[in-house]
Amino acid sequence: MSVSRRDDPRRRASVAAVCALLVCIAAAAAAAADATSASRSVRLPNVLLVITDDQPWDSLPTVTGPPAMPWLESRLADPGDRWVRFTNAVVDVPLCCPSRASILTGLSSRHTGVEGNGDGGDLDESSTLATWLDDAGYQTAFIGKYLNGYPWDRGPYVPAGWDRFVAKRNLDVSTTYLNYPFVDQGVPLTAGSGDGSYATSMLAAEASAFLRGASTERPWFLVFAPSAPHAPWTPAPQDAGRIARTPISLPDLRTLNDVRGKPSWIRGSPPLDGPTAVALEDLRRRMLETLAEVDRAMRSLVHEVEARGELEHTLVVFLSDNGYSFGEHRWVGKRCPYEACVRIPLIVRSPWTGAGVVPTPVSNVDLAPTILDVTGQGAGAEPMDGLSLLPMLDDGVVDAFEREAVLIEWAGDGEVPPWRGVRTEAFSYVESADGTIELYDLTGRLGSADPGELRNRAGDPRYVAVQRSLAASLHRLMARDPVPVLPRR
């Protein structure tokens, strides 16, 4: 009997084998996806959060001069090491205490009540990342600079939620790196000036000790917050003078003094002269040198996590609490509305995604909702101003999500009047108390790129629609109340 090709038993067997293979492949893919999701639900991920102090955004990677953090920069350059760099990260308020309060709560300074460095005692410490994760069974530790002014008038104490708490006090800038007071589990102590007492080194050792002693049966949450590279920019002894003679290509004097279109408090500041510009360049070199020990601390902590066999089960976040202006727009310090002050380095290593670069604007207020989302603790209960960045870190996908702008603001003090604004990927928009409106086309969306914010486009006919849209975004964000975190899983 003849058999047609369609009825050939060998062909039927071949087709069946192919179908079975496709089913197996699909099942394997589904199992891998389920495993990724299950890995976070069965064993909650660890979180290492590193917060530096006054680190300019262009020091990681270093834009001018040799790498300030060579180990970390090499990790960023390795596409196999899963680091994601957020190139448009800013802080809600460019000042230490308000920024740190926002990082711990996901709330803007208007909602934490911490609007200046003297307001740290007003933070509700009963509702922070520490308490939320501690309640979820995490081993929690804070090692480093806490909120300015701690412990205020309460006497040394351990804030709610922290199982291990070593807080470096910041009473005087002269004790930033040596001979500093600190509180260890509620016991006040003072560091000497001997070997191992350099602040970054001591704090890194304490953080490493926590990791070595943490139980492998429970997840952990560690905040490592060195004072570096805060003024007076004192490098570790082995790093002093390392780049003393290296050109770092700061803006020229004419550019530093260009304050056209700026508010009155900027225009009224004295012009920088040549010797001052040289001195500021030297301070910036020292700032970069001060980051070298932070780099070694990062390498040590990541290696400790790896030695525990937990690197692929740990979220690592590195950011600064604010930037620092070394003479841009005649301004030295923080609190300004410009890139030097509000923009920060922010990098994240996630086990669930590959390396990438994200240009979407993000904020320090996004860190708490992201950590709650990653650890599965959101549950919609905690109202926050920030958004979870997990959509960018999940399922191996690094892309943008919908966001019109991020808020930047300053409540004002005796030196810097109030201002408020918004930052997008392409533009910076600021309204100051004296009525000045500033609009900068950072990427050249409608004209020449102006990353140095030297050409105020407010009132320019080409930018009328953009100005109107950004003003509306600012109004909406200022009026917005915190909303609950809504985890995706």
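Cys 96 is buried in this predicted model, with just 1% of its relative area accessible. Its neighbour in number, Cys 97, is buried too, at a relative accessible area of 0%. No bond links the pair, though: the sulfur of Cys 96 has its closest cysteine sulfur in Cys 97, and at 8.2 Å that is too far for a bond. Seen from the other side, the closest cysteine sulfur to Cys 97 is that of Cys 96, again 8.2 Å away and too far for a bond.

Things look otherwise for Cys 336 and Cys 341, which are joined by a disulfide with an S to S distance of 2.1 Å. The count for the model comes to one disulfide. About its S-S bond the torsion is about 110 degrees, so the link between Cys 336 and Cys 341 is right-handed. Both ends are tucked away: Cys 336 is buried with a relative accessible area of 2%, and Cys 341 is buried at 0%.

Turning to the strands, S18 runs through residues 427-432 and is mostly covered, with five of its six residues buried. On one side of the story is S17 (residues 419-423), which pairs with S18 in the antiparallel sense over five bridges. Trp 419 has Ser 432 of S18 as its bridge partner, and a hairpin of three residues joins S17 to S18.

S18 also pairs with S19 (residues 437-441), antiparallel and over five bridges. Here Glu 431 stands opposite Ile 437 of S19. These two strands form a hairpin as well, with four residues between them, and in the turn Gly 435 takes a positive phi of about 95 degrees.

Technical notes. Residues are numbered from 1 along each chain as its sequence is written. This is a predicted model: local features need pLDDT of at least 70, side-chain atom pairs count only at pLDDT 80 or more; totals for chains, interfaces and linings use all residues. Side-chain values use heavy atoms; hydrogens and water are left out. A disulfide is a pair of cysteine sulfur atoms within 2.5 Å. Buried means under 20% relative accessible area, exposed over 50%, partly exposed in between (1.4 Å probe, protein chains only). Two strands pair if DSSP finds at least two bridges between them.
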